Amino acid sequence: MAEKHKLENRLAEYAAAEQHRKNAVSRLDNIFTVLDGMKNHPLTYDDQIIRQILQCVVVESKEKIKVVFVGGLEVTQRMD
């Protein structure tokens with residue numbers, strides 16, 4: 001019974017992680033849809049909006065940075 005309980009807990013953890021991943025993908029899809037719709041519209045820089053969506057930017061090396069968004073999404077980008 002203890003092993004069954006342990007396996008059920010692991011299954012619940014995997015299901016929660018999968019749901020979190022699906023939510024992140026859904027949010028990214030929405031963002032990309034909005035960005036595609038804005039391609040022909042000039043954008044103005046707004047520091048206040050940037051501060052609301054970015055948690056931090058980490059410079060890992062000369063060639064690589066990591067952008068951490070609010071909510072935990074991390075994007076690593078190589079610099080040329």
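These are my notebook entries on a predicted model.

**Entry 1. Overall shape**

I started with the element count. The protein has two helices and three strands. Read from the N terminus, the order is α-α-β-β-β.

Next I looked up the dimensions. Along the principal axes, the C-alpha atoms fill a box of roughly 60 × 35 × 25 Å. The radius of gyration is 18 Å, where a compact globule of 80 residues would have one near 12 Å.

How much of the protein is buried? Buried residues come to 5% of the 80. I then took the contacts between residues at least 6 apart in sequence and looked for those that join residues at least 24 apart. These make up 2%.

The accessible surface is about 7,400 Å². Carbon and sulfur atoms hold 57% of that surface.

**Entry 2. The strands**

I took the strands in order. Strand β1 covers residues 54-59 and strand β2 covers residues 64-69. The two run antiparallel and are joined by five bridges. They make a hairpin, with four residues between them.

I noted two pairs across this hairpin. Leu 54 of β1 stands opposite Phe 69 in β2. Val 59 stands opposite Ile 65, also in β2.

Which strand pairs with β2 besides β1? Strand β3, residues 74-78, is joined to β2 by five bridges. This pair is antiparallel too. One of the pairings is Lys 64 with Arg 78, its bridge partner in β3.

β2 and β3 also form a hairpin, with four residues between the strands. I checked the backbone there. Gly 71 takes a positive phi, near 105 degrees.

**Entry 3. Salt bridges**

I searched the whole structure for salt bridges and found six. As background, side chains of opposite charge can pair when their charged atoms come close.

I began in helix α1. The side chains of Glu 18 and Arg 21 meet in a salt bridge, at 2.7 Å from N to O. Both residues lie in α1, three residues apart, about one turn of the helix. Are they buried or exposed? Glu 18 is partly exposed, with 33% relative accessible area. Arg 21 is partly exposed as well, with 44%.

Then I moved to helix α2. Asp 47 and Arg 51 meet through their side chains in a salt bridge, at 2.7 Å from N to O. Why are Asp 47 and Arg 51 about one helical turn apart? They are separated by about one turn because they are four residues apart in helix α2. Asp 47 is partly exposed, at 33% relative accessibility. Arg 51 counts as exposed because its relative accessibility is 63%, with the cut-off for exposed at over 50%.

The strand region came last. Lys 66 and Glu 60 form a salt bridge through their side chains, at 3.7 Å from N to O. Glu 60 is partly exposed, with a relative accessible area of 37%. I followed the links onward from this pair. Glu 60, Lys 64, Lys 66 and Glu 74 are linked in a network of salt bridges. Lys 64 was already in my notes as the bridge partner of Arg 78. Lys 64 and Lys 66 fall within the range of β2, residues 64-69. Glu 74 falls within β3, residues 74-78.

**Entry 4. A nonpolar patch**

I closed with the surface. Which residues form a nonpolar patch there? The patch is made of Tyr 45, Ile 49, Ile 50 and Ile 53. Together they have about 400 Å² of accessible area.

I looked up the place of Tyr 45. It sits in the loop between α1 (2-37) and α2 (47-53). Is Tyr 45 buried or exposed? Tyr 45 is exposed, because its relative accessible area is 65% and exposed means over 50%. The positions of Ile 49, Ile 50 and Ile 53 fall in the range of α2, 47-53. Asp 47 and Arg 51, the salt-bridged pair from Entry 3, lie in that helix too.

Key:
Residues numbered from 1 in each chain as written. Predicted model: local features only at pLDDT ≥ 70, side-chain atom pairs only at ≥ 80, totals over all residues. Heavy atoms only, no water. Patch = residues over 30% accessible without salt bridge, like charges linked within 9 Å, V, L, I, M, F, W, Y side chains within 5 Å. Areas by Shrake-Rupley, 256 points an atom, 1.4 Å probe, with all protein chains shown as cover. Salt bridge = Lys/Arg side-chain N within 4 Å of Asp/Glu carboxyl O. Buried < 20%, exposed > 50% of the residue type's maximum accessible area, 1.4 Å probe, protein only. Rg over C-alpha atoms; globule rule 2.2 N^0.38 Å. Contact = heavy atoms within 4.5 Å. Pairing = 2+ DSSP bridges.
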